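Me: I would like a close look at one helix in this model, with enough of its surroundings to place it. Please give the cut-offs for the terms you use.

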Amino acid sequence: MFEEIKERYNRILFPGRFQPLHYGHIEVIKWMLNFGDEIIIAIGSAQKSHMVDNPFTAGERMVMIREALKEEGFDLSKFYIVPVPDIEYNSIWISYLESLLPPFDAVCSRNPLVIRLAKEERYDVLVPPFFLRSEYSGKKIRKKMLSGEKWESYVPPSVARIIKQISGIQRLIDSSLSDELE
Ligand SMILES: Nc1ncnc2c1ncn2[C@@H]1O[C@H](COP(=O)(O)OP(=O)(O)OP(=O)(O)O)[C@@H](O)[C@H]1O
Ligand SMILES: NC(=O)c1ccc[n+]([C@@H]2O[C@H](COP(=O)(O)O)[C@@H](O)[C@H]2O)c1
């Protein structure tokens, strides 16, 4: 049986790490706007940066997301972009989000843990289709950055520009090195 999805939500929560924001996220955002009036983009793992899986700071990710939304022609007044540090307490993560964020009435994610936690707190969950996941994936984009392959076409131009301004590729390379010096 299909789960009931309301036709329209006031505010949809979209959590992610956005390391970095890529065109897959842009497609998910376009898709979500068919279901909701406003979107809260929660920048998860906000405390993490300078790591091979999480190279960019929450502030850098916030600027990337805002600039990309502007560049892609979205109406910024429909968006909240909020950094959210992780907590070591999954069972209260949704209440933690409720205490930090504007009220939301649905959650959009493909992450099984996020889906589970949202459903347990009785939120409607919107699961987007995969948009060209073979290419639009943070992990694959970071891998290309590390191996010197072309990565720029997978992210909006403003995101590529910001990554270059902050010497993000060198940071990623440095983050991947061990301290086992010869
Ligand atoms: N190409 C895509 N199509 C549909 N959903 C996507 C796509 N890429 C990411 N998502 C979804 O967007 C949300 C936020 O994703 P996230 O910021 O972790 O990006 P990611 O590409 O999955 O990154 P990583 O590979 O670093 O885990 C998750 O629910 C994820 O499943
Ligand atoms: N206990 C917690 O703090 C908790 C639980 C579930 C998801 N999250 C965060 O939400 C974000 C989910 O994003 P992804 O779907 O991109 O993994 C991540 O930053 C993840 O760490 C945190």
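What covers the buried residues of α4?

Reply: Two conventions come first. This is a predicted model, in which local features need pLDDT of at least 70 and side-chain atom pairs count only at pLDDT 80 or more, while totals for chains, interfaces and linings use all residues. Residues are numbered from 1 along each chain as its sequence is written, and chains are lettered from A and ligands numbered from 1 in the order in which they are written.

The cover of the buried residues of α4 includes β1, α3 (93-100), β4 (106-108) and β5 (124-126). Helices here are DSSP runs of H or I with at least four residues, strands are runs of E with at least two, and both are numbered from the N terminus. Contact requires the C-beta atoms of two residues, placed from the backbone, to lie within 7 Å.

The residues being covered are V114, L117 and A118. Seen down the axis of α4, these buried residues fall within an arc of 100°, so they line one face of the helix. The arc is that of the directions from the helix axis to the C-beta atoms. An α-helix has 3.6 residues a turn, so residues three or four places apart point the same way. On the other side of α4, P112, R116 and E120 are exposed. A residue is buried if 20 or more other C-beta atoms lie within 10 Å of its own, exposed if 12 or fewer, and partly exposed in between, with C-beta atoms placed from the backbone. Just after the helix, R122 has a positive phi of about 70°.

α4 also takes part in a ligand shell. Around ligand 2 there are 14 residues, of which G16, G44, S45, D86 and N111 come nearest. Two elements, β1 (9-16) and α4 (112-120), give two or more residues to this shell. β1 therefore appears both here and in the cover of the buried residues of α4. A residue counts as near a molecule or strand if its C-beta atom, placed from the backbone, lies within 6 Å of it. By class, the shell around ligand 2 holds 6 nonpolar, 6 polar and 2 charged residues. Nonpolar means Ala, Val, Leu, Ile, Met, Phe, Trp, Tyr, Cys and Pro; charged means Asp, Glu, Lys and Arg; the others, Gly among them, are polar.

Ligand 1 has 19 residues around it, and G16, G24, R110, G138 and K139 come nearest. G16 is thus listed for ligand 1 and for ligand 2. α1 (23-32) and α5 (138-147) each supply at least two residues of the ligand 1 shell, and α1 gives the largest share, 3 residues. This shell divides into 7 nonpolar, 8 polar and 4 charged residues.

Within α5 sits I141, which is buried, with 24 other C-beta atoms within 10 Å. Leaving aside neighbours within four places in sequence, I141 contacts P20, H22, W151, Y154 and V155.

Another helix shows a comparable layout. In α6 (residues 157-165), V159, I162 and I163 are buried. Down the axis of α6 they too fall within an arc of 100°, so they line one face of the helix. P157, K164 and Q165 are exposed on the other side of α6. The cover of its buried residues includes α2 (58-71) and α7 (168-176). S167, just after α6, takes a positive phi of about 55°.

α7 contains L172, a buried residue with 21 other C-beta atoms within 10 Å. Not counting residues up to four places away in sequence, L172 touches V52, P55, R142, M145 and L146. L172 and M145 are 27 residues apart along the chain, and their C-alpha atoms are separated by 7.9 Å.

As for the whole chain, there are 7 helices and 5 strands, in the sequence pattern β-α-β-α-β-α-β-α-β-α-α-α. The radius of gyration is 17 Å, close to the 16 Å that the globule rule gives for 182 residues, so the chain is as compact as a globular protein of that length. That radius is taken over C-alpha atoms, and the rule is 2.2 Å times the number of residues to the power 0.38. Of the 182 residues, 33% count as buried. Among contacts with a separation of 6 or more, 73% join residues 24 or more positions apart.
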